[in-house]
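Morning, everyone. Please have the sequence and the structure open while I talk. I will take the DNA side and then the empty space inside.

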Protein chains: 2
Amino acid sequence: MAVTPTRASDRDAGAPFAERLDLERMLACALEIVDRDGVEKLSMRRLARALGHDPMSLYRHAPNKAALLDGVADTLLRRLSVDPGDPDWAGQLRAFARSYRQLALDHPNAVPLLVTRPLATPLALRPAGTLRPLEDVLALLTGAGFTGAAALHAYRSLTGLLHGHVLNELQELVDNPDETDDLLRLGLYRLPLREFPLLRGLAAELASYDGAAELERGLDILLSGLTPGGP
Amino acid sequence: MAVTPTRASDRDAGAPFAERLDLERMLACALEIVDRDGVEKLSMRRLARALGHDPMSLYRHAPNKAALLDGVADTLLRRLSVDPGDPDWAGQLRAFARSYRQLALDHPNAVPLLVTRPLATPLALRPAGTLRPLEDVLALLTGAGFTGAAALHAYRSLTGLLHGHVLNELQELVDNPDETDDLLRLGLYRLPLREFPLLRGLAAELASYDGAAELERGLDILLSGLTPGGP
DNA sequence: GACTGTAGGCATACGACGTAGACCCGTTGG
DNA sequence: CCAACGGGTCTACGTCGTATGCCTACAGTC
């Protein structure tokens, strides 16, 4: 009886076994790494190790690391959905916004990708999932009587609000949640009292930030200001 | 006659001569690199080379690369000024916002630092220049009768608006400004027409984005909604 | 069956990276 | 004169992204 190696059984017993590789599994695993350790800890080599493969294998499925980062952002954004047929366009936008916020809270380490990848990748080269919400919102709003320009303006206003809000809210996430005293928990005692008297006095307000309510207020203002006619 | 090397004359003639090193010069040079080649091209080694020094010299003035990145963001933000004594608080905030936008336009490659470093560095550990505008805005608004909480809320709303706006506007910066046809210039022809019909049809609107006007509109809405009493 | 193309995986290698540790020198204060 | 010290440098380690090239297993054709 000869050897006839049964694929992926004897090879590399140490690694968490290496099934067939595909982009989807790569991105899912990459997202796990980002969630656990942050974007800067995601490397091609670590990802390959986590998948039980050789680093170079990854390049059969993604052209380079930048594409991988775009892909991770894409896997998150494609989870957002908009129903372009709903006549309650404001309700759809509101639901979209809430989902986006929740996504950011569930994957705070991935937020830098969500907000900065678009700066690195021109619109037309972004992965399809990233563009889907845009197209769907355009369909939703033009269907509700918005002109194209007004719909685009509304989308931009919405993403602006969302990016701004999420960046705000994630800064409030506290380094040391065990500490009960706000001043200590935020490390504010390090600030020179002479230079930052007001800031130090606002420890309580800094600590009690209601992100959900804040977003709703922003949405109230934004949505009431949007009209089918345009800006 | 012996050697008695005159410091920084014979050493390493290739490098652009190495004066005494200090944090300020380091940060200025780092910002140049970022402006020219982008954040990801800024490395300790390149920075040292540009300054005509050994890479390890940098560590005498900054504890690590993260601090350097914070420092670069800091050199930008400390250029913003707010006059806490001005009774026209809305005017001050408006001017602050315009300066921030201009800063972003002048240093687009540094914008990822401006928006994401705060996520990596807890508030109290940020460089002093970064906190200065916050303290000054608090002074401005409490001086105008705002409660502390209302002033903080206003500041957060403002930075949210600014971050969101700047991220929006910088995405519009076009890859190939030579191309006259909007569809070509934005690369939109790559998009599958079947999946993104609306998006492709909005090339003209995508290309003609007036960032300054957009920001002013946002400010009009925000500032008219702010009241000394709070949210 | 044999032949050929191709897709996916792996080994090796190169140059760049961040930074720890040790050494070295010039200045300063006792 | 000596000790301490601030600042510059050298060497070295482990990690990174990825170019190149080979090897194997399967798909399709005859």
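**Around strand C**

By class, the surface near DNA strand C has 10 charged, 5 polar and 5 nonpolar residues. Near means that a heavy atom of the residue lies within 4 Å of the strand. Nonpolar covers Ala, Val, Leu, Ile, Met, Phe, Trp, Tyr, Cys and Pro; charged covers Asp, Glu, Lys and Arg; the others, Gly among them, are polar.

This is a predicted model: local features need pLDDT of at least 70 and side-chain atom pairs 80 or more, while totals for chains, interfaces and linings use all residues. Residues are numbered from 1 along each chain, chains are lettered from A and ligands numbered from 1 in the order written, and side-chain values use heavy atoms, without hydrogens and water.

Which residues are the closest to strand C? They are A:Arg60, A:His61, B:Met44, B:Arg45 and B:Tyr59. Helix α2 of chain B, residues 44-51, gives the largest share of this surface, 4 residues; a helix here is a DSSP run of H or I, at least four residues, numbered from the N terminus.

Now the phosphates. A polar side-chain atom of B:Lys65 is 3.0 Å from a phosphate oxygen of strand C. For A:Ser57, an N or O atom of the side chain is 3.1 Å from a phosphate oxygen. At A:Leu21, a polar backbone atom is 3.1 Å from one.

Of the strand C atoms within 4 Å of the protein, 44% belong to sugar or phosphate, and the rest to bases.

Note on methods
A polar contact is a pair of N or O atoms within 3.5 Å; within protein, one must be able to donate a hydrogen and the other to accept it, and residues adjacent in sequence count only if both atoms are side-chain atoms. Helices (H or I, at least four residues) and strands (E, at least two) are DSSP runs, numbered from the N terminus.
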